[in-house]
Amino acid sequence: MKSAHGHTQSPRKRCLQAIRFLLTALLSLAAIHAHAAETWIELEPGLHMASFPVSITDISGDSFTQEDGLTILRIQPAHYEFVLLTSSEKGIQLTPAQWAEQNNLIAVINASMYLPDNRKSTGYLRNGDHINNDYINKRFGSFFVASPIPSPAASYNGTTASAAKLPPATILDKQADDWESMIPQYRIVVQNFRMINASRVPLWPEAGDEFSVAAIAMDNTQAILFIHCRPAVTVRDLTELLLELPLGLQRAMYVEGGPQASLHIRTDKIRNTWSGRHAGDFWSGTRTEWPLPNVLGIRKR
C-alpha cells in the first residue's frame, strides 16, 4: 500500500489506520443504535413512532443531512386491525387525513401504486369480496395480507394450523412463501414490489431516480412498519438505510413514490400528514396533500 505521496506505509501505520477505521465504523453504528433508542415514542399501547435523519445530495453534488427525513410507525397487529379502503369500493377519493377522519383510523398510508384511471391498483388488490384488481402482477414479489378468514384448517410456512393461529398481518415473499395457498386465507391482500428478498438482500438497482417514498415493512417481531421518506432518494439508498438501522427488518415492499407518497397519523399525541415532495412545495413552502384512491389504515381492535 502506498500513501497519497507515494511513500510506502509501515505495517504499524497500516495497523493504526485499520484500527481508526474500525473505531469510526463502530462509533457510527453505536450512534445509530443510540439515536434509535432515544427516538421511538409510544403514541398508544402497541404503537410507536420514530424519526431518523436522511443524508441526501443536492443539485450541486454536495451532501447534507436532513433531520427527521424518515418517519416510521411501528404497529403491533395484536393491538390494531388493518383496514383497506379503495375508491372502487367506496366511490370516492380522499386525502389521507380525510380517509382517517371518516373511517375512524389511527394511521393511513398508500396501499399501492395505481393506474391512470385513478382507481385500479397496479397489482392484485382485494378487500374481502371486493376485488379492485384481480391481476397477479408477475413483476411484483410481495403481498401484504391481513385479517385471516376463519376456516377449519390453514397452512402457514409448510405447517397446518388453525386459522386463529395465522398471523393477523404479515408480508409474503413470492419467491419464499406458499403465497398461492396463503392469499385466499386473508380478507385483505395487497401486491407490490419487493424492496428486499427473504435473505434481506436489496433488490432495486443502485442507479435510479430520486423521489419521496412510502413503504410497508415487517420486522423480526412480526410488527408492521409504515414508512415514509420525504427527502428525494433512490429506492436502493432508502433500502440500505433501512437495513442499517436497528429495525430488525425482515420484509419490505414499496407502495408509492413521488408527491403522492403519504403517511398520516391521528392520535392524541400527534396528528400530522407526511406528504411526498412536489416541485411547487419548494417555492410555496407548503406541503400538498393528495387525494388517494387506495389506502391501508389501522384502528384499535
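The following exchange concerns the strands, helices and buried residues of a predicted model.

Colleague: What is the order of the strands in the open sheet of five strands?

Modeller: The pairing in this sheet is antiparallel. Its edge strands are β4 (80-86) and β17 (271-275), each of which pairs on one side only. Neighbouring strands are turned by 15° against each other on average, direction ignored. Read across the open sheet, the order is β4-β18-β5-β16-β17.

Colleague: Which residue of β16 is the bridge partner of Ile109?

Modeller: Strand β5 (residues 107-110) and strand β16 (residues 262-266) run antiparallel and are joined by three bridges. Ala107 stands opposite Ile265 in β16. For Ile109, the bridge partner in β16 is Leu263.

Colleague: Which residue of β17 stands opposite Ile265?

Modeller: A hairpin of four linking residues leads from β16 to β17. These two strands run antiparallel, with five bridges between them. The residue of β17 that stands opposite Ile265 is Asn272.

Colleague: Why is β16 described as largely enclosed by the rest of the structure?

Modeller: In a regular strand, side chains alternate between the two faces of the sheet. In β16, Ser262, His264 and Arg266 lie on one side and Leu263 and Ile265 on the other, and all are buried. Strand β16 is therefore largely enclosed, the number of its residues that are buried being five of the five.

Colleague: At about what angle to β16 does helix α3 run?

Modeller: Helix α3 comprises residues 96-103. It lies across β4, β5, β16, β17 and β18 (294-300). Relative to β16, helix α3 runs at about 35°.

Colleague: How many Å apart in space are Thr86 and Pro293, C-alpha to C-alpha?

Modeller: Thr86 belongs to strand β4 and is buried, at 1% relative accessibility. Beyond its neighbours within four places in sequence, Thr86 is in contact with Gly91, Trp99, Leu125, His130, Asn132, Pro293 and Asn294. Although Thr86 and Pro293 are 207 residues apart in sequence, their C-alpha separation in space is 5.7 Å.

Colleague: With which side chain does that of Asp173 form a polar contact of 3.1 Å?

Modeller: Asp173 is found in strand β11 (residues 169-173) and is buried, with a relative accessible area of 1%. Apart from neighbours within four places in sequence, Asp173 is in contact with Gly141, Arg194, Ile196, Asn197, Ala198 and Arg251. The polar contact of 3.1 Å joins the side chain of Asp173 to that of Arg194.

Colleague: How many residues does the largest nonpolar core have?

Modeller: Leu73, Phe82, Phe144, Ile216, Phe226, Leu296 and Ile298 have the most contacts inside this core. Phe82 touches residues beyond four places away in sequence, including Phe144, Phe226, Leu296 and Ile298. Another core, of 29 residues, lies apart and has Ile196, Ala215, Leu225 and Leu242 among its members. For the largest nonpolar core, the count is 33 residues.

Colleague: How many degrees of arc around the axis of α5 do its buried residues cover?

Modeller: The buried residues of helix α5 (residues 235-244) are Val235, Arg236, Leu238, Thr239, Leu242 and Leu243. An α-helix has 3.6 residues a turn, so residues three or four places apart point the same way. The buried residues of α5 are on the same side of the helix because they cover an arc of only 160°.

Technical notes
Residues numbered from 1 in each chain as written. Predicted model: local features only at pLDDT ≥ 70, side-chain atom pairs only at ≥ 80, totals over all residues. Heavy atoms only, no water. Pairing = 2+ DSSP bridges. Axes fitted to C-alpha atoms, helices over the stretch in contact; angles between N-to-C directions. Contact = heavy atoms within 4.5 Å. Buried < 20%, exposed > 50% of the residue type's maximum accessible area, 1.4 Å probe, protein only. Polar contact = N/O pair within 3.5 Å; in protein donor to acceptor, adjacent residues only side chain to side chain. Core = buried A, V, L, I, M, F, W, Y, C linked by side-chain atoms within 4.5 Å. Arc of directions from axis to C-beta.
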